[in-house]
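Biologist: Please take one part of this model and go through it closely. I would like to know how the pieces of a sheet are arranged and what packs on it.

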Amino acid sequence: MMLNPITQSIDLGDGRTVTIETGKLAKQADGSVVVRMGDTMLLATAVSKKEAGDEVDFMPLTVDYREMYAAAGRFPGGFFKREARPSDHEILISRLVDRALRPTFPDDYHADTQVLIYLVSHDKNLLPDCLAGLAASAAIAVSDIPFTSPISEVRVARIDGQMVINPYRDDLERADLDLMVAGNERDIVMVEGEMKEVPETVLLEAMAAAHAAIKVQVQAQKELAEKVGAQKRSYEHEKHDEALREKIHAFAYDRAYAIAKEGLANKQERSERFKAIREEFVAELSEEEAADQAFLIKTYFHDTEKKAVRDAVLNERRRLDGRALDEVRPIWIETDYLPSAHGSAVFTRGETQSLTTVTLGTKLDEQIIDGAVIEGKNRFLLHYNFPPFSTGEARPMRGTGRREVGHGHLAMRALKPMVPDTFDYSIRIVSDILESNGSSSMATVCAGSLALRDAGVPTHSHVSGIAMGLIADEETGKYAILSDILGDEDHLGDMDFKVAGTDKGLTACQMDIKVNGLSFEVLTEALEQARRGRAHILQTMQEAQPNPRDEFKPFVPRIVTMEIPNDFIGAVIGPGGKHIQELQRETNTTISLEEVGNLGIIEIAGADPEGIREAQLRIQLITAVPEVGEVYKGTVKKITTFGAFVEILPKKEGLLHISEYAWEKTADIADVLNEGDSLEVKLIEVDESTGKLRLSRRALMPKPEGWVEPAPRPRPQNRDGDRRGGGGGGNRRRY
C-alpha cells in the first residue's frame, strides 16, 4: 500500500522547526495531522457529523487532549496500569484549545464536532501544550469541516528580559511571565497565564510577540490545506422565518431597550421582566402556532434582547444594573468567619459571593502528581466549587466540571506567587461560590487572599481580581469597556477579560474574545480601566484585613524544620519505622522526613509546642555526634569488673573505666554504680580506628591537693620474656 503523506514546515526562527504531516495516520477521520517539534509529537483528529440535531442553536464542540504514558516511556500508576479519566493538567489544555477553536466555526454550523489530541511522543524539555492548538486547527484545516480561519496557540515567556516563543522547559524556571496565547491571522482570541507582578505594558508586549508567531503558523496551515486540496462541505443547519423574526423584533425591541435602560440591580427581577415580554407575545398566538414555533420564538427573542441590551449600553453609556461603565459593584467582606477553619473569608461583590477557607498542612499533605509529562509534588492547592443553588437552580451534582477546574486553576495562579518559598506549610484553599452573577473566579482570588492572611500566611500583598467586558459595534465603531461584568454582560458581550494582581503588577489573566478586530488600543484601555478597578478592590480588602495574622490560631499545627546528615536518616526512622512511630506517638506530633542531596530534611508538626520541642530534642540526641571535651548526662547500661558502659546519647555508649570514676581508688565499680543509674560524664577520647568512647567522671571533680598520678603498672610478659601483644612473626599463642 502506497502512502503519500503531505508535510508542511514552520521555522520558529531560532533553529527549531515544527512540521505538520497529514495522510499517514488516522485517515478515516475527517481530518488528521501529526505535529512534531524535536521529539515531541502530537496526533490530532477532527470528526464532525454531516447533519445537526433538531433545534440546536449552538456549536456542540468537544475537545479532548490526552497524554499517553508510553510517549514518555512510562507505565501509568494505579491498580489498572492504564490511562483513565483525564487529569486536571489535561483538562486545562483541553479548555485552552476549545476556547481558541470555538469562535472560528461559522455561527450557523451546529453539527456535533469532536477534536481529539494525543501526545504520542514526548521530548522532556519541550512542553507539548504549546503545540496542541496548532495540531487541532491543522486537523480541521485539512478536513471538509467548515472553518472561518485556522488558528494557532503559542506559549510566550519573558526570560531574562526577553520574549521567547515556545521556550524550553528548563528555561521557564527563570521566567517572570508565562502566557498561552491563541489567535488567527488578524486577531488574538484567547490569552491565559501567570506573571510575577509585571506591569500591563509587559503583558501587551508579550501578546504582540505571540501574535507575530501565530500569523506564521496560520499561514503554514493554509498552505498545507492547499496542498491537500481541502474543500469545505456544504450544510444547512438553520431554518428561519424572517417574517416571525421581524414581528418579534418590532414587538420586543423597544420594551427590552427600556428594561436595559432602566438599570435594575436585581438579576431575578430583570430576568422576570424580560421573560414577561416573551410571554405577552406568545399569549397573542394560538396554542398550535406557539407550539410549532417555540424554538424560533425563543431564538429570536434572545437575539432581540441581546441587541437591545447592547444598544442601550452603547447609546446610554449605562449598564444593565444602572452602573457607570467603570463602576465596581458594592463590596462587603468578613474575615475569620468560620471559627474552626485555619483561615476563612466571605467576599461579596454585588450578587457574587465566595466563602473561602484555608487549611494548613504538613509535607505529608502534599499532592503527588504522576502524569505522563508532569511529575512531582504540589504544596499549594486551590479548589473551586460551583453548586447549583448559587444561580438559583436545582440540578444534579455530577462531580467536578471542567469549568470548575479552569476557574480554580486561574485563581491558584493569581495567589501562589504571594506565598514565600520559605513558608513550610502545605496550603489548601477552597472557594465555595454561594451566589453567582459575574466573575466568581475573581471573587475567589479576593476571598482567597483575605483567607490566607486570616490563616497567618505571610503574604507580602493582597491580590485582587476583576473581570472586564466589552460591547462593540463594528458598523458604527462604537464600543464600551465594562468593569466588573455581570453574568448577562458576559453572555451578551464580546469579551471576558479577567485580570488579577497586586498594587505592584499583574499575577494572572485570562481573556476570551468573541469578535474580530479587537485592537491593541482597546486592550490597552481595558487594562488601564482594570487597573483602576483592581486598585479600588485592593483598598477595600486592605481595610478589611490589613496584615497577616501575627500568630496562627491555636488549633493550627506548628511546624519546625530540621536538617540532619543523611547518614542518620536510618537511625531516626528505626527498623521498620519503629523509632519514628514511637516518637510521633509519645510527643503527639507528625514527623515527615525527606532525603535531599546529602541532607535529611525533617518536618515536625503538632498543635502542642511542648511536644514539638520534645521531638526536636530527641532527634537532636539521636543525630548528635559525640565530641571530646563535652559533658553528657548518661545512663549506666552494663556493669563489668573493669568499669561501666554508659549511654551518653541514644544508641551511643562509652566505657567509664573504674580508674576514671573518682580520683581515689575504687575497689569495685559495682559498689558505687548500678545499671540504670544516671550520672554526668565527660568524653575524654574517641578511638579513631574503632570509634570507641572513653568517659571520665573524675574529670568533672576537683583534683585533690597534692595529687600525684600513679605510675602505670607494667604490662605482663609471656613465657619467652616478650610483652603481650608485641613482637614479630612466628606462631603466636593467646592467653
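Modeller: The part I have chosen is an open sheet of 5 strands, in the order β11-β12-β13-β17-β16, with mixed pairing. Its edge strands are β11 (331–335) and β16 (380–385), each of which pairs on one side only. On average, and ignoring direction, neighbouring strands of this sheet are turned by 15° against each other. Keep in mind that this is a predicted model.

Within the sheet, strand β12 (residues 343–349) and strand β13 (residues 352–361) run antiparallel and are joined by 7 bridges. In general, strands of a sheet pair through backbone hydrogen bonds, either parallel or antiparallel. Ala 345 stands opposite Thr 356 in β13.

Two helices are to be described next. Helix α8 (residues 402–415) packs on the sheet and touches β16 and β17 (426–435); the direction of α8 makes about 140° with that of β16. Helix α9 (residues 440–454) also packs on the sheet, where it touches β11, β12, β13, β16 and β17. The direction of α9 makes about 145° with that of β12.

One residue of helix α9 deserves a separate look: Asp 454. Its relative accessibility is 1%, so Asp 454 counts as buried, the cut-off being under 20%. Leaving aside residues up to four places away in sequence, Asp 454 touches Asp 336, His 342, Gly 343, Ser 344, Gln 545, Arg 549 and Lys 553. Among these contacts, Gly 343 and Ser 344 fall within the residue range 343–349 of strand β12.

Technical notes: Residues numbered from 1 in each chain as written. Predicted model: local features only at pLDDT ≥ 70, side-chain atom pairs only at ≥ 80, totals over all residues. Heavy atoms only, no water. Pairing = 2+ DSSP bridges. Helix = DSSP H or I, 4+ residues; strand = E, 2+ residues; numbered from the N terminus. Axes fitted to C-alpha atoms, helices over the stretch in contact; angles between N-to-C directions. Contact = heavy atoms within 4.5 Å. Buried < 20%, exposed > 50% of the residue type's maximum accessible area, 1.4 Å probe, protein only.
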